[in-house]
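Me: I am new to this structure and would like a close look at one part of it. Please take the places where the chains meet, and describe the residues found there and the pairs around them.

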Amino acid sequence: MGRLVERIIVLFSWLSGAILLSVICAVTGYLCFKGLKTIGPALIFGSTDPMSALLLRQRVFDGLFPAMAGTLLLVLMSVGWAIPLGTAAGIYLAEYAGVKTKKIFDLLFDLLAGLPSIVIGLFGFSLTLFLNRHVSKELHPCLLLSSIALAFLILPYIIRTTQIALENLPMHNRLTGLAMGATRMQNLVHVLLPQALAGMVSGILLAIGRCAEDTAVIMLTGVVASAGVPRSVLSHYEALPFYIFYISSQYANQQELATGYGAAILLLFICLLLFGLAFVIKKNLPCQVFSQR
Amino acid sequence: MTATCERAVERLFFAAAFVSAFVTLFIFGFMVYYGLPLFSGGRFLAILTSHWAPHQGSFGIYPMIVGTLAISLLAMVFAFPLSMGCAILISVVSRGRLSRILRKVVEVMTGIPTVVYGFVGIFLLIPLVRNVFDAGSGMCVLSASLMLAVLVSPTMILFFCDSFDRVPRSYGHAVLALGGTRIQHFLHVTLPCAWPGIIVAVTMALGRAVGDTLIALMLAGNAVQAPDSVFDSARTLTSHIALVFAADNESLEFKAIFACGVSLYLFTTILVLMIRLAARARGKVGQVG
Amino acid sequence: MRSRILMLLGAAVFFMTFSTSAMAGDLDGFKGEKGEIKIAGGTAHIPVMKEAAQRIMGVSPDVQISIAGGGSGVGIKQAGEGLVDIGNSGKKPSEDEVARYGLHLFQWAIDGVAIIVNPANKVRALSQQQVMEIYAGKISNWKEVGGVDKQINLYTRDEASGTREVFWNQALKKGEIAANANFSVSNGAMKAAISQDPFAIGYVSVGHIDESVAAVAFDGVVPSRETVKEGKYAIARGLYSCTKGAPAGLTKKFIDYLFTAEGQQIVVDQGFITVK
Amino acid sequence: MPPSIPPIIQSSVKIRVSNLSFSYNGREILRDTSVAFPEHAITAIVGPSGSGKSTFLMTLNRLWEELPRCTMSGRVEMLLNGVHQNIYAPDCGMEALRRRVAMVFQMPNPLPMSIFKNVAFPLQLAGEKDKRTIRRRVEETLRDVRLWDEVKDRLAGSALSLSGGQQQRMCMARAMILRPEILLLDEPASSLDQKAAEAIEQLLVRWKHHCTILIVSHYLDQVKRIADNVVELRDGQLRIR
């Protein structure tokens with residue numbers, strides 16, 4: 001009887017593993033099967049010359065270039081907002097906060113991390129409406145407001161990774177600098193942050209991946225299906241994940257659908273690359289950086 | 001001089017933490033403010049329980065709540081056994097290299113963009129569901145749940161493995177020394193010790209399933225009805241926001257999406273509190289070890 | 001009379017032969033222009049808007065035109081609120097809306113709303129009564145209207161859609177739409193969904209019909225550019241662009257462009273009927 | 001009112017601890033104890049393991065304030081820069097104190113930087129900017145701990161690549177580079193082999209002429225070899241032995 005149960009458990013676990021692996025193979029395999037042949041310069045630049053497209057001399061109408069540029073700008077801007085705010089908040093939690101303050105902040109950041117991205121998007125959208133009505137009529141859903149809303153989405157990730165990276169440093173490391181007469185700030189800057197850097201950077205890379213793949217926030221805050229490369233932070237923009245979403249539901253012809261497959265492969269590749277990079281940095285950065293000094 | 005500088009920087013750090021925390025509360029305040037006419041005079045409950053028929057002046061989100069629960073709970077029904085099986089395979093059954101490779105694959109899966117799952121879902125899963133079950137358009141609760149299960153499983157598997165690994169090894173030696181098998185050890189020692197971690201994982205996965213927008217938006221069909229069967233088309237709270245947000249922002253139709261937002265916010269709060277409770281229990285189990 | 005036809009033909013040949021230079025003529029006004037035009041709203045309009053935008057941005061690199069969907073309701077609302085420069089609508093805005101926002105309307109094309117099914121579906125004709133019963137959920141199997149024994153999968157649009165409004169007013173006589181209908185977010189999405197679902201029924205702008213879906217005759221009339229133009233097909237509507245107040249600057253140029261020969265040619269190329 | 005404590009031997013008192021109580025994590029380690037330490041001498045602190053000897057050292061440079069859940073009461077006075085001062089007085093700068101009262105830990109704790117940077121680090125923290133001064137002081141101090149010849153060719157290499165004994169001597173150089181008046185050592189040789197331990201003992205004997213040294217130690221023979229005085233910590237009380 002007991003033997004039978006054990007056998008069933010083992011069998012079941014192998015079965016689960018097989019199902020999961022076959023699903024992942026089906027997803028990636030299907031994408032590659034349908035989309036690999038579209039991969040090439042034409043996917044990105046369409047019929048435009050790549051050089052003049054990159055220099056913004058010529059527009060790309062039938063390629064992914066505007067969407068990629070939009071995603072890149074969006075990611076850079078959101079990370080630009082979120083890194084200073086998030087690391088500072090993470091440092092405060094790890095190094096300065098008292099027990100009670102920490103408890104309150106912890107709860108709020110857990111909550112922020114758990115909020116569905118569409119709720120953050122809705123917040124961004126209503127913020128835009130609010131600003132439009134009360135601050136300036138010039139403010140519409142745009143790249144700038146999207147990036148701010150996205151920054152709130154990734155903020156808890158950055159806070160948490162910073163906090164954990166600092167808190168995980170061994171106690172004796174923390175005391176070494178202080179025992180030499182370092183002020184808290186000196187200890188932080190010279191001793192703790194360099195050691196926590198790897199953890200922080202890998203957290204930031206994961207946050208970038210989150211930024212690059214999120215669709216719900218930007219859908220409500222200014223992404224459109226057709227806008228070209230954004231010329232200002234106050235204009236509409238295109239983005240890779242939204243393009244994939246848009247094409248999936250309303251492709252006009254098979255050719256457009258094929259670009260959708262291409263875009264999906266591209267986004268998958270970008271996200272996995274960031275993921276891999278984060279992993280490698282987390283594993284290797286401390287040794288590499290410090291053996292070179 | 002330095003001391004004042006130190007104080008100033010500390011204040012700056014505090015300000016950053018405060019702003020970030022404040023945003024969390026601010027989001028809630030903003031949504032209540034925008035949805036205000038719907039929340040006054042006990043109308044919030046009425047909205048949660050009535051139907052969506054804008055032409056008849058009814059802006060209830062009941063169908064969306066049922067749709068959300070149906071899709072996410074069904075997703076958990078698929079994802080839980082799958083994740084448990086995979087976690088057992090990684091932590092207990094397989095060894096060495098295979099275990100490491102499997103874990104890596106699962107970790108990589110957490111990095112796959114949601115929209116890619118949705119995209120593949122539309123062109124691969126929907127026709128499959130339509131043909132296999134001969135069920136309407138194929139855009140239904142079942143399709144969305146299946147894809148959501150795939151989406152949340154990797155996180156759940158990693159959490160399960162983590163909770164299994166936290167159970168002190170010394171416990172196991174006792175069982176193994178008595179001639180028990182590794183499965184017996186797992187059933188009688190690991191599992192009873194790891195349950196708080198399992199609850200945390202399931203709660204987090206549920207939160208993720210409820211909060212996800214794209215999978216349901218792309219695969220569930222978005223019909224405004226409380227689904228009767230898994231083959232019915234349904235709409236989640238998140239999809240509803242995505243579909244209606246562009247409406248006339250003076251209309252009650254528009255205000256109603258803030259009711260969705262507030263519901264999602266409150267739901268998240270409950271889940272976070274549950275996770276904290278379970279995590280505390282987990283801390284205790286850890287201490288005993 | 002004959003000479004005029006000949007002249008037109010000659011002009012057409014001329015246009016085709018020297019199309020690039022001729023088109024540049026209508027686009028001349030955009031050369032050296034700078035600025036941004038934000039367009040949102042009606043999704044039937046998108047193919048025309050996209051083509052016009054591409055041509056304009058092709059000759060003047062400093063002009064940025066963004067096109068978003070959302071539906072006619074969104075177009076009217078956002079143009080009225082000043083969130084976009086041009087709001088498109090597939091239905092005529094109500095007099096209340098025109099007055100409230102000070103909207104200016106420009107109807108640059110005529111369009112119809114066609115009922116479509118998957119090409120694999122053999123049903124090619126439905127009466128108004130049947131359509132109403134199908135959408136109300138009273139007829140739920142294709143065999144009841146002469147098709148195979150399969151459940152009918154309903155597709156509809158959201159409340160912001162002008163196409164839905166026109167369809168609901170004219171084809172359904174404001175009748176009920178069953179709750180189990182799937183929702184599509186745009187004309188394009190509707191077409192894509194129907195083309196993938198063999199047992200689907202939906203409705204879409206006539207301009208969007210192509211070989212991936214099959215149009216269904218409504219009360220014996222097959223929807224096409226010709227039947228709409230001749231007034232035989234009942235479910236017709238205008239395609240409007242709205243601006244808040246009289247358009248000026250780049251926005252005015254864009255709207256004017258839609259009414260030029262080249263602009264109207266785009267309208268025809270995309271499957272709509274010109275107003276001239 | 002601090003009670004008058006007779007000094008251990010007839011030389012001037014460097015550190016005077018009065019009515020000190022200390023608890024850590026709710027456990028009482030010191031209970032209303034008083035003791036004085038003489039200048040220019042090596043005082044060994046002995047006692048059963050877990051009696052709180054390391055924690056006691058931390059009350060002398062206020063390092064315990066960085067640990068969670070600690071409470072302290074009592075007075076600690078020191079003769080620093082020729083002046084008697086209460087190190088817990090509000091006007092006493094904590095960083096300045098720690099620069100005068102250096103500490104070496106049980107496990108060698110090189111920071112993950114180069115050897116040079118490790119040793120120069122306290123100078124840098126104290127605000128020394130002149131490159132030449134820093135270089136000179138680092139060399140001086142590394143010679144002092146007899147490490148210069150071993151590492152002079154790889155000052156830019158990671159400190160983590162040194163052997164345990166070398167690491168600990170580097171840590172001692174790091175502690176001494178600011179020329180502190182008091183040096184606290186927490187079993188500095190316990191993780192090292194016999195030879196490395198002896199090298200460190202020799203350094204301490206040499207340094208006691210310009211420095212007051214307190215060393216926590218387990219090894220009675222080591223205590224016998226180098227200590228001028230022995231203080232035992234038992235049951236929360238410090239007693240001269």
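Reply: What follows goes through the contact of chain A with chain B, then the contact of chain D with chain A, and then some side-chain pairs. The model is predicted, and the values below are computed from it.

Start with chain A and chain B. The contact takes 76 residues from chain A and 77 residues from chain B. Together the two chains bury an area of about 6800 Å², and carbon and sulfur atoms give 83% of that area. On the side of chain A that touches chain B, the residues divide into 57 nonpolar, 11 polar and 8 charged. Helix 1 of chain A gives the largest share of this side, with 18 residues.

Ser16(A) can be used to look into that helix. This serine lies in helix 1, which covers residues 2-35 of chain A. Leaving aside residues up to four places away in sequence, Ser16(A) touches Pro81(B), Leu82(B), Gly85(B) and Cys86(B). The relative accessibility of Ser16(A) is 2%, so Ser16(A) counts as buried, the limit being under 20%.

Polar and charged pairs also cross between these two chains. The rule finds 7 residue pairs in polar contact across the interface of chain A and chain B, both residues being at pLDDT 80 or more. The count of salt bridges between chain A and chain B is 1. Its partners are Arg276(B) and Asp110(A), whose closest N and O atoms are 3.1 Å apart.

Where do these two partners sit? Asp110(A) lies in helix 5 (residues 99-114) of chain A and Arg276(B) lies in helix 12 of chain B, so the pair joins two chains. Asp110(A) has a relative accessible area of 25% and is partly exposed. Arg276(B), at 26% relative accessibility, counts as partly exposed too. The pair also belongs to a network: salt bridges that share partners join Asp106(A), Asp110(A), Arg160(A) and Arg276(B).

Helix 12 of chain B also holds an aromatic pair. Phe254(B) and Phe258(B) both lie in this helix, which covers residues 252-288. They are 4 residues apart, about one turn of the helix. Their ring centres are 5.4 Å apart and their planes stand at 75°, so the pair is edge-to-face, a label given to planes over 60 degrees apart. Phe254(B) is buried, and Phe258(B) is buried as well. Over all chains, the structure holds 41 aromatic pairs.

Now turn to chain D and chain A. Here 27 residues of chain D are in contact with 18 residues of chain A. The area buried between the two chains is about 2000 Å², and carbon and sulfur atoms give 67% of it. Three residues, Glu66(D), Pro112(D) and Leu125(D), supply 27% of the area that chain D buries against chain A, more than any other three residues.

The side of chain D that touches chain A draws on several elements. Helix 2 (94-100), strand 6 (101-104) and helix 3 (115-125) of chain D each supply at least two of its residues. Helix 3 of chain D gives the largest share, 5 residues. By type, the residues on this side divide into 15 nonpolar, 6 polar and 6 charged. Between chain D and chain A there are 3 residue pairs in polar contact, with both residues at pLDDT 80 or more. The rule finds 0 salt bridges across this interface.

Chain D has salt bridges of its own. The side chains of Glu28(D) and Arg31(D) meet in one, at 3.0 Å from N to O. Glu28(D) is partly exposed, with a relative accessible area of 48%, and Arg31(D) counts as partly exposed at 43%. Another salt bridge pairs Arg75(D) with Glu77(D), at 3.3 Å from N to O. Arg75(D) counts as partly exposed at 35% relative accessibility. Over all chains, a search of the whole structure finds 45 salt bridges.

One aromatic pair in chain D completes the account. Both Phe22(D) and Trp64(D) are buried. Their rings have centres 5.3 Å apart and planes at 90°, so this pair is edge-to-face. Phe22(D) lies in strand 1 (residues 13-24) of chain D, and Trp64(D) lies in the loop between helix 1 (53-60) and strand 4 (70-80) of chain D, so the pair ties together parts that are 42 residues apart in sequence.

Methods: Residues numbered from 1 in each chain as written. Chains lettered and ligands numbered in written order. Predicted model: local features only at pLDDT ≥ 70, side-chain atom pairs only at ≥ 80, totals over all residues. Heavy atoms only, no water. Contact = heavy atoms within 4.5 Å. Buried area = accessible area lost by both parts, 1.4 Å probe. Salt bridge = Lys/Arg side-chain N within 4 Å of Asp/Glu carboxyl O. Polar contact = N/O pair within 3.5 Å; in protein donor to acceptor, adjacent residues only side chain to side chain. Nonpolar A, V, L, I, M, F, W, Y, C, P; charged D, E, K, R; others polar. Buried < 20%, exposed > 50% of the residue type's maximum accessible area, 1.4 Å probe, protein only. Phe/Tyr/Trp six-rings, centres within 6.5 Å; stacked < 30°, edge-to-face > 60°.
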